[in-house]
Amino acid sequence: MRCLVVKNTGSWADVLTPEGETRSCKMRGKLRLSGSRSTTPLSVGDYVEVDEDGVINEICERKNCVTRRASNLSKESQVLAANVDYLGIVLSIARPMTETVFIDRMTATAEAYGVEPLLIVNKTDDLDGEERRYKDALVGLYNGIGYGCEQVSALTGDGIDALRHRLKGKTTLLSGHSGVGKSTLINRLMGREVARTGDISNVHEAGKHTTTFSEMYVLEEGGYVIDTPGIKGFGLVGIAQEEVGHYFPEIFKVAAGCRFGNCTHTHEPGCAVLTAVKKHLIAESRYESYLNMIQADQKYR
Ligand SMILES: Nc1nc2c(ncn2[C@@H]2O[C@H](COP(=O)(O)OP(=O)(O)OP(=O)(O)O)[C@@H](O)[C@H]2O)c(=O)[nH]1
Ligand SMILES: [Mg+2]
Ligand SMILES: [Zn+2]
């Protein structure tokens with residue numbers, strides 16, 4: 001029987017049967033990915049084969065999987081979720097504010113994993129005039145690149161129907177800074193209190209790596225939302241320096257016109273990206289994030 005893993009606590013996993021029932025299953029030793037010889041840890045979002053005794057025997061082939069480094073300097077990685085359609089980047093414009101460099105790290109990471117980034121601007125109820133203008137400019141910028149943006153208030157419910165519609169039938173991994181309202185948003189989408197909100201839940205986690213398990217919520221109208229408490233600091237697996245530009249679609253497109261094939265778009269003569277930045281065809285904030293990522297990446301080499 002093919003089931004979907006919605007919760008994984010290490011030795012047990014909660015799965016959703018084809019009939020839509022939740023069952024607790026044990027795993028048979030180390031699990032293999034179907035068609036592969038290597039063993040891999042089970043993850044939320046995995047499809048698995050469960051036998052008559054309710055034991056998980058095999059992990060079905062994955063469309064993709066999102067991992068992160070166990071810690072910033074570690075090479076070990078932890079699977080956060082498998083078979084993800086959207087990386088939902090939840091952000092607020094103010095209280096707390098989300099820097100574009102953070103958004104861009106997330107969009108680039110999503111691109112690297114083969115997951116579509118989706119910006120979810122929350123707390124639209126809590127903006128003054130200037131913040132509202134900034135929000136509109138931000139949405140314009142990311143729409144221009146081709147990324148979807150949903151504007152919501154998890155508090156008032158504004159924009160939630162449109163978001164629900166977008167998430168229908170998809171698997172969405174939520175990420176974003178602490179306090180932007182991920183848990184509140186999940187509760188709003190679910191129509192009941194399933195996730196803990198407020199600042200208390202994360203006090204002891206601040207700045208530290210804690211082992212946390214992702215949890216998947218089943219949306220009534222179809223689709224799944226995954227909350228990963230530990231993801232907010234984001235130590236996702238690094239992208240090689242020379243590949244960073246591939247994951248900024250507007251930079252990648254323009255880079256085809258650079259004189260040198262190995263152009264880093266920092267100082268080279270005949271660099272089409274530098275020209276596009278000067279002409280404001282590529283947003284300065286995006287270019288700065290690109291620079292930040294190729295520099296930051298050197299730390300891991
Ligand atoms: N004004 C306003 N406040 C919100 C909204 N959504 C969430 N909040 C508030 O923001 C605070 C943080 O919300 P949470 O849902 O706990 O944030 P989180 O992203 O889950 O935070 P972590 O679990 O620490 O990562 C709470 O006090 C919420 O009531 C919103 O749409 N508008
Ligand atoms: Mg939370
Ligand atoms: Zn260049």
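This is a short dialogue about helix α2 and the core it joins in a predicted model.

Me: Happy to start with α2: which residues does it span, and how far does it reach from its first C-alpha to its last?

Reply: Helix α2 runs over residues 129-145, 17 in number, and reaches 25 Å, close to the expected 24 Å.

Me: What sits at its two ends, beginning with the residue that caps the N-terminal end?

Reply: That residue is D128, with a side-chain oxygen 3.1 Å from the backbone nitrogen of E130. Just after α2, G146 has a positive phi of about 110°.

Me: How should I read the sides of a helix?

Reply: Here is the general idea: an α-helix has 3.6 residues a turn, so residues three or four places apart point the same way. Now for this case: E131, K135, L138, V139, Y142 and I145 of α2 are buried. They lie on the same side of α2 because they cover an arc of only 120° around the axis.

Me: Which exposed residues are on the face turned away from that buried side?

Reply: You will find E130, R133 and G144 there.

Me: And where does Y142 fit into the largest nonpolar core?

Reply: That core has 31 residues, and Y142 and L91 have the most contacts inside it. Elements giving it two or more residues include β1, β8, α1 and α2, and α1 supplies the largest share, five residues. Domain 1 (2-59) and domain 2 (65-233) both contribute, so the core lies between them.

Me: Which residues does Y142 touch, leaving out those up to four places away in sequence?

Reply: They are T100, I103, D104, L119, Y147, C149 and R286. There is also a second, separate core of 19 residues, with L163, L174, L189 and V225 among them.

Key. Residues numbered from 1 in each chain as written. Chains lettered and ligands numbered in written order. Predicted model: local features only at pLDDT ≥ 70, side-chain atom pairs only at ≥ 80, totals over all residues. Heavy atoms only, no water. Helix = DSSP H or I, 4+ residues; strand = E, 2+ residues; numbered from the N terminus. Expected span 1.5 Å × (residues − 1). Buried < 20%, exposed > 50% of the residue type's maximum accessible area, 1.4 Å probe, protein only. Arc of directions from axis to C-beta. Polar contact = N/O pair within 3.5 Å; in protein donor to acceptor, adjacent residues only side chain to side chain. Core = buried A, V, L, I, M, F, W, Y, C linked by side-chain atoms within 4.5 Å. Domains from an automatic or database assignment. Contact = heavy atoms within 4.5 Å.
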